[in-house]
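Visitor: Could you walk me through this one, strand pairing to begin with, and then the helices?
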Amino acid sequence: MMLETSQELLVDSTPATMQTVPAEAKKRRRNKKKAVAVVSDSSSMSSTEKPKRKKAGKKSSQNKSKRHPKQAQEPEISEEEKTRFVALDCEMVGVGFDGLKSALARVCLVDWYGSVLLDVYVRPEEQITDYRTFVSGITPENLASEDAVSIVQCRKMVGQLLHGKILVGHGLKSDIRALGMTHPWYDTRDTGKYEPFMKVRFDDGVLWPRKLKDLAKEKLHLDIQQPGVSHSPQEDAHTAMELYKLVRRKWEKAMAYKYKKTCEIESMRMTQRSQ
């Protein structure tokens, strides 16, 4: 009653231009009631309606991904480029006192797919004192065969197959030394020296090569070099190639960077010498 009386006094006492105030106030109150009603309705939505908003958000993200498609994956290596890769593995026999010195006795080369390019027995120039048959699988009959070749003949055959190729293998340093050959470092991929495949053995933080057998089991889930069975150079060379395939892109990027830096250093040295 007090509110109504004060409003009547206000209406009677205000000028004509101000008499619209109560009507506008009522309009504002009605708008507030509508807003409250909308809020209460939205808060009382059923649980089945809420996922619709999530779907709408998901749809918008899908549309966004369509507007910005992901970059296409790098294409696989071409058949022509695959011919550039050759994997090598060698077997040794013992020569000299107690057969402690190693000499080349078998050489195997395989291609990208593991197909044999060369598998030949090599007659050592020194007297054999230990055939190491339990590991190498080599017997006196193998090296006495007419198919066995001299180290010179073997070197020539291997050189022809490796010319312009990228050489893959495990522990290649000893194999290349036994062959009496060299191969460019930038065309060599030794899985025994690839750092992500190596491990720290002591507290000094120095990386050491791991056995091919262990890498094959861990990375490829393959069992090779079984106890009591002599090693197969074909299998070992193919395993090294498969390990290389796992990390080829990353490895090649690292090699490209290393090669570029080496060329830059050599160029700087030549410039300094010419000055």
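Guide: Keeping in mind that the model is predicted, a place to begin is strand β1, which pairs in the parallel sense with strand β6 (residues 166–169) over three bridges. Within that pairing, the bridge partner of valine 86 is leucine 167 of β6.

Visitor: And in which sense do β1 and β2 pair, parallel or antiparallel?
Guide: β1 and strand β2 (residues 101–110) pair in the antiparallel sense over nine bridges, with cysteine 90 standing opposite valine 107. The two strands form a hairpin with five residues between them, and in the turn glycine 96 has a positive phi of about 75 degrees.

Visitor: What about β1 and β4?
Guide: Those two strands pair in the antiparallel sense over two bridges, β4 covering residues 128–130, and there glycine 94 of β1 stands opposite aspartate 130 of β4.

Visitor: So is β1 buried or exposed?
Guide: Eleven of the eleven residues of β1 (residues 85–95) are buried, so the strand is largely enclosed by the rest of the structure. Phe85, Ala87, Asp89, Glu91, Val93 and Val95 point one way, while Val86, Leu88, Cys90, Met92 and Gly94 point the other way, and all are buried.

Visitor: Switching to helices, at what angle do α10 and α11 cross?
Guide: The axes of α10 (residues 233–246) and α11 (residues 248–274) cross at roughly 80 degrees and come within 5 Å, which means that α10 is roughly perpendicular to α11.

Visitor: Which residues make that contact?
Guide: Tyr244, Lys245 and Leu246 of α10 make the contact with Arg248, Trp251 and Glu252 of α11, and these residues divide into three nonpolar, no polar and three charged.

Terms used
Residues are numbered from 1 along each chain as its sequence is written. This is a predicted model: local features need pLDDT of at least 70, side-chain atom pairs count only at pLDDT 80 or more; totals for chains, interfaces and linings use all residues. Side-chain values use heavy atoms; hydrogens and water are left out. Buried means under 20% relative accessible area, exposed over 50%, partly exposed in between (1.4 Å probe, protein chains only). Helices (H or I, at least four residues) and strands (E, at least two) are DSSP runs, numbered from the N terminus. Two strands pair if DSSP finds at least two bridges between them. Axes are lines fitted to C-alpha atoms, for helices over the stretch in contact, and angles run from 0 to 180 degrees between N-to-C directions. Angles under 35 degrees count as roughly parallel, over 145 as roughly antiparallel, 65 to 115 as roughly perpendicular and the rest as oblique. Contact means heavy atoms within 4.5 Å. Ala, Val, Leu, Ile, Met, Phe, Trp, Tyr, Cys and Pro count as nonpolar, Asp, Glu, Lys and Arg as charged, and the others, Gly among them, as polar.
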